[in-house]
Structures are given as structure tokens and as C-alpha cells.
Amino acid sequence: MLPVSTRATNTWSNWGGTASCTPERIIAPQSTDELAAAVREAADRGRTVKPVGAGHSFSEVAVAPDVQIAMSGFAGVRHVDREAGRVTLGAGTHLHQIPDILEPLGLAMTNLGDVDRQTVSGATATGTHGTGVAFGGISTQIRGVTLVDGTGTVRTVAEDDPDLAAAALGLGALGVLTEITLQCVDAFAIEAVEAPGDAEETFAGFLDAVASTDHYEFYWFPHTTRVLTKSNTRLPADTPASGPGSVRRYIDDELLSNKFFGALCALSARVPGVVPTINQVSGRALSARTYTDRSDRIFISDRGVRFREMEYALPLEAVPDALRELRAMIDRRRHRVSFPVEVRAAAADDLMLSTAAGRTSGYIAVHRYHRDDTGSARDYFRDVEQIMVAHGGRPHWGKMHTRDADYLRGVYPRFDEFLEVRGRFDPERTFANPYLTTTLGA
Ligand SMILES: Cc1cc2nc3c(=O)[nH]c(=O)nc-3n(C[C@H](O)[C@H](O)[C@H](O)COP(=O)(O)OP(=O)(O)OC[C@H]3O[C@@H](n4cnc5c(N)ncnc54)[C@H](O)[C@@H]3O)c2cc1C
């Protein structure tokens, strides 16, 4: 008997409060055999199946109308190949569990996004990325997967299998992944340099900055000329940790960045007119700081204030102009935006549905406070999306957007190849949901 949810209600909602559903069933298989049986049983009843990770996608990609699969039974290490620097993990392993697995092996993940609450399967299914023009998204670290396909058959997709270019970033549309093999690198430290700067200078210097820095990103505070840049340099693993002590970091990260910022966002949502003043204050409060630590501790931040987010990948060289258009649009349309705009970059890769497929990419992310579900927040996302689309932008699969298959086919050269793989892995669309029907077209 499969463990079934013991929750009082089956209602599920995501971290940002932007997607929810009430699955007919929630199950947590403890083995691949149990999972395969559950997929076959649902398919026989004509029901759909959707695995869910940590619910950190803002889009409706993880919504499970019929059977929701919790991946808690698939966490932890399955196999280590220290020689090759490869680790096979249960697909439900959370990113925050991985550094402690890798540290004793002298290994690390070569790049990460901003947070580590996601599962490795959920993060890679939607193309989660960090920053650095020499570094691809997390899915590019995958060297093989095992999954249960739509017929309930267990398939292993190895490194030399052309289907890996689909399965490593598959939106959950090809099957339920049970194991993921990651290519790791030797452990390393990072020195982070954070510095306030001028917005126009930073926009203009973006292409040079990403070319000359291992991992570069910046935050621009709308309604101001202020930015905060963050330049990360990779260093040998034995570089001692240094920088602000734990009390100062608590004040900066927890009190100022999370608690104080959260209070300001709540105020801004009620009184939008104060936003420009608040952003001026927030932008000026930022001071330069330099610190060094184990790589994952530098990549990862705590996001205590909940928000909703849209992010588009653009051809890298389009980023400065798109930012200027965004700034002009915010002024022209009189939007009141309390969250900084985040700007990052990633290397081109050859995964079929990667937002960086075939082109070096810049990422522009915009946010609104999670309780700010007003018409003005929706109008802001719509106006931003128009700018991004005009630059041939590709929306992050796990973040808010309104694109459909017709548009996406035009910006993903390998879109139809992905559909061909889906036709073989899930011929009856057992893993469908409304989001996938809109974005993949069937
Ligand atoms: C605070 C916050 C910070 C974020 N920072 C970043 C960032 O820095 N960079 C970035 O690119 N994104 C970022 N994101 C987006 C996030 O990384 C992605 O949306 C990611 O998909 C969430 O992972 P999850 O485990 O929560 O998966 P979920 O959102 O639960 O699911 C995502 C998809 O994965 C599928 N899936 C889950 N498990 C499996 C499985 N075993 N087999 C097959 N499919 C599966 C689901 O069906 C669904 O389609 C952030 C999100 C939040 C809320």
C-alpha cells in the first residue's frame, strides 16, 4: 500500500501563492517499483500524474489536477564515482542537502541559483540557473537520469543518449525522475564583492563585467539610479573564510534584507505612493562589503520575504537596452515597484528547452510582493513581458509568464525535437497539466 497524504485537505499551493490545486490523490512512493505501479494505475484510470518538488515554481508548471507525487521517498546519495567527480542522487534530494554530501568527497556543484530549498529534480526540470557567462544552468551538470515514463516503464537516459538533452530539463513532461547523476567539480571557495553603483553606468558596463568576472550579477532599485553589484571570484577550497562576522551578517541579511525589507514591502503594498522614497532609502542603505566562504554559502541567500516573479532570458547583448526600456516603461506607466530588478548571465548550452539553448544569455527578473496581487502588479508583469518578447526573450519555465506553444516554438530551435521525445516517453500524456498543454501545445 502506498503512503497516502495524511494532510487534512489535499489542497496544495506553491511558495509564492501564485498556483494551487486540489489533487484527487497525493502519494509518496518509497521505491521505483511503487512509483511505476502508481503511474500505471493512474494511466489505466485515465488520470494524470504530476511529481512536485518544493513548490518553488511561480508558474503553474507543478499543478497536479489528478495524482500528485511527493518525492520524499527518493532523497539521498545513490552512488559516488569520486574518480570522475560524479554523484548520483535520489531525485527528491533538496539542493540544501547536497553540500554536506559533497564536502567529505572534496567536491562541489559548479554553480547554483539564489536559494537552495528546491529539489534537484524540480530545479533542473524548469532550468534553474545562477550567474556566470562561463557556466550553464544546473541542468547542464546532469550526466544521466533514471525515470518512470508515461507507460510506467523505468528508463535510464545515459550521457551518450541524445534524449538526455530533453530529459535533463524536461518540465516533468517526460516522466518522474527517480535518480540524477551530477558532474561535480573540486570544492572551491568564493570571494564576494558587493558594491553600490550607478544604474546607467552598470547597464552600460554589463557586458564587460560579465566577461571579466566568474559570477556577476546586480540589483537595480526602480525609481532610483542605485544598483548593488555582486562580483564572485572562485578561489582554492582552502582559502580561509573572512568578511563581516556573523552578527554583522545577521544584521545585513536577516534584519535589513529580510525583516526590515518585508515590513517596507507590506507598507508599499498598502500605500504605493511611498515606494520611490523607500527605494531611495533602501538603495542608499547598501554599503560595500567583501567576504569569502565555501562556494555554496556565497551562492545561496535566504529569501525571507515572499514574492511573485517573472524572469526572461535574452540574448546577452540585448540586456542593456532592455533595461533602459524597462526603466522608461516604469516611469511612463507610473508603476510602483518596491522590489529590485535582478540581472544575471549564463553560458549557452544545447539542452532542448533550456532558456540558454544555443545562445549566451542575460536574465532580467522582476518581482512583486506576494500579497500585491493587484491589477497594477499584473499590469507591471504584462508591460515587462512586452519588452522581453520584443527582444526574443524566453520565459523561465518556473516563473510567471503568459507565453504559449506558438510563441515558444519560435524562440526555441529544438522545440519540435522535444515534442518528438515527449511523444515516445509519454504517448498518452499521463504527465500533462494545463500549463504543459498551453506551453507545449498538446
Ligand atoms: C525564493 C525563490 C528563489 C528562486 N531562485 C531561483 C534562481 O536563482 N534561479 C532560477 O533559475 N530559479 C530560481 N527560482 C525558481 C525555482 O528554482 C524553480 O521554479 C524550480 O523549478 C523549483 O524547484 P522545486 O523543487 O520547488 O520544483 P517544483 O516547483 O515543485 O516543480 C517544478 C517542476 O519540476 C517537476 N518535477 C519535480 N520533481 C520531479 C521529478 N522527480 N521528476 C520529474 N519532474 C519533476 C514538477 O512536475 C514541475 O514541473 C526561485 C524560486 C523561488 C521561490
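This is a short talk on the domains and aromatic contacts of one protein model.

Okay, so keep in mind that what we're looking at is a predicted model. Let's start with the layout. The assignment splits the protein into domain 1, residues 5-70, then domain 2, 77-186, and domain 3, 189-395.

I'd like to look at how domain 1 meets domain 2. Their C-alpha centres are 21 Å apart, and the contact involves 13 residues from domain 1 and 16 residues from domain 2. Together the two bury about 1,100 Å², with 75% of that on carbon and sulfur atoms. On the domain 1 side, look for Thr32, Leu35 and His56: they supply 32% of the area that domain 1 buries against domain 2, more than any other three residues. And how many salt bridges are there between domain 1 and domain 2? Zero.

Right, on to the rings. Searching the whole structure turns up 12 aromatic pairs. Take Phe203 and Trp220: the ring centres are 5.9 Å apart and the planes sit at 85 degrees, so we call this pair edge-to-face, the cut-off being over 60. This pair links distant parts of the chain, 17 residues apart, with Phe203 in helix α5 (residues 199-204) and Trp220 in strand β14 (residues 215-220). Buried or exposed, Phe203 and Trp220? Both are buried. They also belong to a cluster, where ring pairs join Phe203, Phe206, Tyr216, Phe218 and Trp220.

Last thing, arginines over rings. Arg394 lies over the face of Tyr412, 5.0 Å from the ring centre. Then there's Arg403, whose charged end sits over the Tyr407 ring, 5.0 Å from its centre. That's my tour.

Notes:
Residues are numbered from 1 along each chain as its sequence is written. This is a predicted model: local features need pLDDT of at least 70, side-chain atom pairs count only at pLDDT 80 or more; totals for chains, interfaces and linings use all residues. Side-chain values use heavy atoms; hydrogens and water are left out. Rings of Phe, Tyr and Trp (its six-membered ring) pair if their centres lie within 6.5 Å; planes under 30 degrees apart count as stacked, over 60 as edge-to-face and the rest as tilted. Helices (H or I, at least four residues) and strands (E, at least two) are DSSP runs, numbered from the N terminus. Buried means under 20% relative accessible area, exposed over 50%, partly exposed in between (1.4 Å probe, protein chains only). A charge sits over a ring if NZ of Lys or CZ of Arg is within 6 Å of the ring centre and within 35 degrees of the ring normal. Domain bounds come from an automatic or database domain assignment. Contact means heavy atoms within 4.5 Å. Buried area is the accessible area (1.4 Å probe) that two parts lose on being put together, summed over both. A salt bridge is a side-chain nitrogen of Lys or Arg within 4 Å of a carboxyl oxygen of Asp or Glu.
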